[in-house]
Amino acid sequence: MTFSRRAKALFGLGAGIALAFIYAPLIVVLVNSFNVSKVFSWPPRGFTTVWWHKALVNQGVRTAVLTSVKAGLGATAIALLLGSMFSVAVVRYRWFGREALSLVVILPIALPGIVTGIALNSAFRTVLQPLGISFGLFTVVLGHATFCIVVVFNNVAARLRRTGQSLQEASMDLGATTWQTLRFVTFPAVRSALVAGALLSFALSFDEIVVTSFTAGPGIQTLPQWIFNNLFRPNQAPIVNAVAGALIVLFIIPVYLAQRLSEPAGGRI
Amino acid sequence: MAHAASQVASDVEGSPRGAAIRLRGLRKEFGSVVAVDLVDLDVEDGEFLTMLGPSGSGKTTVLRMIAGFVIPTAGRVELGGVDVTARPPFDRDVNTVFQDYALFPHMSVQENVEYGMRVRNVERGQRRRRAVEALDSVQLGGYGARRPSELSGGQRQRVALARALVNRPKVLLLDEPLGALDLKLREQMQVELKGIQRQVGITFVFVTHDQQEALTMSDRIAVFHDGRIEQVGPPAEVYERPATEFVAGFVGTSNLLRGAAARTVLGRDGIWSVRPEKIRVLDPGGVAETGLRFADGVVREVVYVGDVTRFVVELDAGGELVALQQNLHTSSSDVLAFRGRAVRLVWRPEHEFEVGAGTAGSPPAGGA
């Protein structure tokens with residue numbers, strides 16, 4: 001018993017350190033966003049909401065947020081469509097190369113962003129530009145979609161595997177056509193997985209910076225890029241803190257929802 | 001066993017009611033594995049037919065070919081005289097009760113039962129009324145608003161049954177529907193299912209690996225082995241006159257006498273079998289009325305089961321037989337004292353039957 005108690009304490013300590021690693025910097029950012037001092041300083045010298053106000057009215061921030069939202073929505077839409085179709089193809093049908101391709105499709109999330117970025121950049125340059133499509137928001141959307149597809153695919157494929165084939169069979173057995181089965185049975189079964197996948201891919205797209213810098217056209221600046229560019233400007237640093245603080249708070253929500261929805265008990269939406 | 005099956009088939013073709021299901025030369029390969037091989041079977045209208053066999057014997061694959069989930073590699077599936085081999089599941093007048101029930105988790109019990117009518121555009125009022133009736137008929141009146149997850153295993157089973165029956169199919173397919181239930185509930189549902197079948201008069205094709213279940217419920221049993229049908233017949237016939245060694249062993253205890261043992265005890269060659277409950281256990285040298293068969297041996301094992309006791313007897317002539325005795329006047333201590341004792345086993349010669357070697361194509365020995 002003494003051993004188990006000691007082990008418990010040890011694991012508790014480990015968990016505590018891990019949490020501190022992850023969250024201490026975030027807390028510093030949040031605290032600093034209310035700090036009177038203009039430079040990153042510790043301990044904080046006084047409380048102010050002026051940086052939050054400045055961030056709110058800052059035109060650069062507003063444009064960047066809008067760009068990021070557009071990119072995230074676009075990439076998520078593409079990912080939902082292609083990712084769910086691909087997962088149905090992989091889970092529900094057997095075809096040559098199925099196993100290999102289901103591995104290949106999740107590779108983009110493991111590949112270093114810099115590699116994806118370079119590859120996309122030269123691909124767009126050689127394929128899209130001759131077609132008259134130049135670098136801009138659209139190329140960012142395409143770039144983000146490559147890894148967003150993976151997130152949707154993983155979520156939906158896992159759900160499809162868990163629900164098994166028998167619900168679809170029962171539906172067809174009761175007289176439903178393929179289309180009716182898709183609408184009344186398959187879609188409701190994967191709906192929450194789709195939502196979870198969408199939330200995660202939006203979150204992924206929203207904080208992407210490496211692929212973005214290789215695929216964005218001139219004048220296109222997403223929020224992460226704006227932050228990166230303004231972080232070391234003395235006047236902007238506190239505003240960056242406020243923006244980062246806002247992001248932390250905002251992004252807890254979708255990630256929490258996605259987490260809940262991908263659990264089996266996390267019923268319907 | 002193609003021979004036995006085609007014999008049955010010709011019997012049925014002559015009957016006035018005709019075949020609800022007719023399978024001809026059905027074969028299914030999964031890659032290099034032959035799951036079902038040359039199955040011929042006719043199921044009469046209104047019949048309760050059980051496909052019995054161990055797992056992997058092909059019975060479920062045959063069921064799924066009737067339902068339309070599996071496309072046969074070769075052969076034909078006819079429903080009510082119409083060839084449906086190439087038709088998708090939703091275009092066949094059969095409904096299935098699945099092993100895992102396959103109730104739609106996001107719909108209420110009522111919506112589950114209405115589903116078949118909903119996708120066929122049955123008018124809403126009629127749909128609702130029929131679903132309520134169907135739920136009543138399986139003793140689930142008032143459960144309509146619940147979710148499947150709020151029901152017990154037995155209740156889910158009934159919902160699955162109601163969901164299928166409410167569409168009034170010509171044929172109901174049941175894929176080991178009682179497999180997940182505990183013994184008591186299982187036995188209760190066996191009686192209920194049989195009652196429902198008699199009441200609605202729909203053809204039931206029931207898949208199970210449980211021989212007791214098959215014997216209890218069926219009008220006829222088709223015994224599957226290695227993708228083929230070894231024997232088709234009424235329960236009593238399959239049990240009392242198994243056509244092959246496999247059937248003898250799978251439906252009941254095989255209790256075989258062969259080689260030297262058969263020659264010494266029966267004075268004959270071949271493989272013979274006697275059901276355990278037909279054998280009486282007597283003291284050595286105990287009276288053998290004329291005309292009775294007997295074999296001497298030593299009790300190797302005694303298994304007290306409560307209502308009966310199972311004696312495993314090693315025969316002096318070689319081999320062993322299992323004898324089942326009712327515990328009419330004996331208690332556990334009485335019967336357990338039999339271990340190691342010399343006994344004489346006695347049975348009537350008409351309860352012996354010869355079993356084929358179990359190879360496909362050999363004629364059923366007891367069929368005459």
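What follows is a chat between a trainee and a mentor about a predicted model with chains A and B.

Trainee: Let's start with the overall make-up. What makes up the secondary structure of chain A?

Mentor: Chain A has 12 helices and 0 strands, so reading along the sequence gives α-α-α-α-α-α-α-α-α-α-α-α. Chain B, on the other hand, has 11 helices and 18 strands.

Trainee: And what are the spans of the C-alpha traces along the principal axes?

Mentor: Chain B spans about 75 × 45 × 40 Å. For chain A the box is roughly 70 × 70 × 30 Å.

Trainee: How many of the residues in each chain are buried, as a percentage?

Mentor: In chain B, buried residues make up 41% of the 368 residues. In chain A they make up 36% of the 269 residues.

Trainee: What makes Ala102(B) count as buried?

Mentor: Set the count against the cut-off: buried takes 20 or more other C-beta atoms within 10 Å. Ala102(B) has 27, so Ala102(B) is buried. The residue sits in the loop between β6 and α3 of chain B.

Trainee: Then why is Leu38(B) called partly exposed?

Mentor: Exposed means 12 or fewer neighbours and buried means 20 or more. Leu38(B) has 19 C-beta neighbours inside 10 Å, which falls in between, so Leu38(B) counts as partly exposed. You'll find Leu38(B) in strand β2 (residues 33–44) of chain B.

Trainee: What is there to say about the phi values of those two?

Mentor: Phi of Leu38(B) is near 50°, a positive value in a residue other than glycine. Ala102(B) also has a positive phi near 50°, and it too is a residue other than glycine. As background, most residues other than glycine have a negative phi. A glycine with positive phi turns up as well: Gly201(B), which follows α6(B), has phi near 70°.

Trainee: Since you mention α6(B), how do you know that its length agrees with the helix rise?

Mentor: Helix α6 of chain B covers residues 183–200, which is 18 residues. The expected span is 1.5 Å times one less than the number of residues, and that comes to 26 Å. The end C-alpha atoms are 26 Å apart, so the two agree.

Trainee: Which residues of α6(B) are buried, and how do you know that they share a side?

Mentor: Met189(B), Leu193(B) and Gln197(B) are buried. They cover an arc of only 70° around the axis, so they lie on the same side of α6(B). The general rule fits in here: an α-helix has 3.6 residues a turn, so residues three or four places apart point the same way.

Trainee: What covers that buried side, and what is on the face turned away?

Mentor: The cover includes β3 (48–52), α5 (153–165), β8 (203–208) and α7 (211–217) of chain B. The face turned away carries the exposed residues Lys184(B), Val191(B), Gly195(B), Arg198(B) and Gln199(B).

Trainee: On to domains. How is chain B divided?

Mentor: Domain 1 is 2–250, and domain 2 is 256–358 + 363–367. Their C-alpha centres lie 37 Å apart.

Trainee: How do you know that the largest nonpolar core lies between those domains?

Mentor: Start with its members: the core has 132 residues, and Ile66(B), Ala162(B), Val205(B), Ala222(B) and Val223(B) touch the most other members. Helix α7 (residues 137–163) of chain A gives the most to this core, with 14 residues. Domain 1 and domain 2 of chain B both give residues to the core, so it lies between them.

Trainee: What does Ile66(B) touch, leaving out residues up to four places away in sequence?

Mentor: Its partners are Ile21(B), Val77(B), Val94(B), Leu173(B) and Val205(B). There is also a second, separate core of 11 residues, which includes Trp51(A), Leu223(A), Trp226(A) and Ile227(A).

Trainee: Last topic: how many residues are in contact between the chains?

Mentor: 17 residues of chain B are in contact with 15 residues of chain A. On the chain B side, β6 (94–97) and α3 (109–119) each supply at least two residues, and α3(B) gives the most, with 3 residues. That side of chain B divides into 10 nonpolar, 5 polar and 2 charged residues.

Key. Residues are numbered from 1 along each chain as its sequence is written. Chains are lettered from A and ligands numbered from 1 in the order in which they are written. This is a predicted model: local features need pLDDT of at least 70, side-chain atom pairs count only at pLDDT 80 or more; totals for chains, interfaces and linings use all residues. Two residues are in contact if their C-beta atoms, placed from the backbone, lie within 7 Å. Helices (H or I, at least four residues) and strands (E, at least two) are DSSP runs, numbered from the N terminus. Ala, Val, Leu, Ile, Met, Phe, Trp, Tyr, Cys and Pro count as nonpolar, Asp, Glu, Lys and Arg as charged, and the others, Gly among them, as polar. The arc is that of the directions from the helix axis to the C-beta atoms. Domain bounds come from an automatic or database domain assignment. A nonpolar core is a set of buried Ala, Val, Leu, Ile, Met, Phe, Trp, Tyr and Cys residues joined through C-beta atoms within 7 Å.
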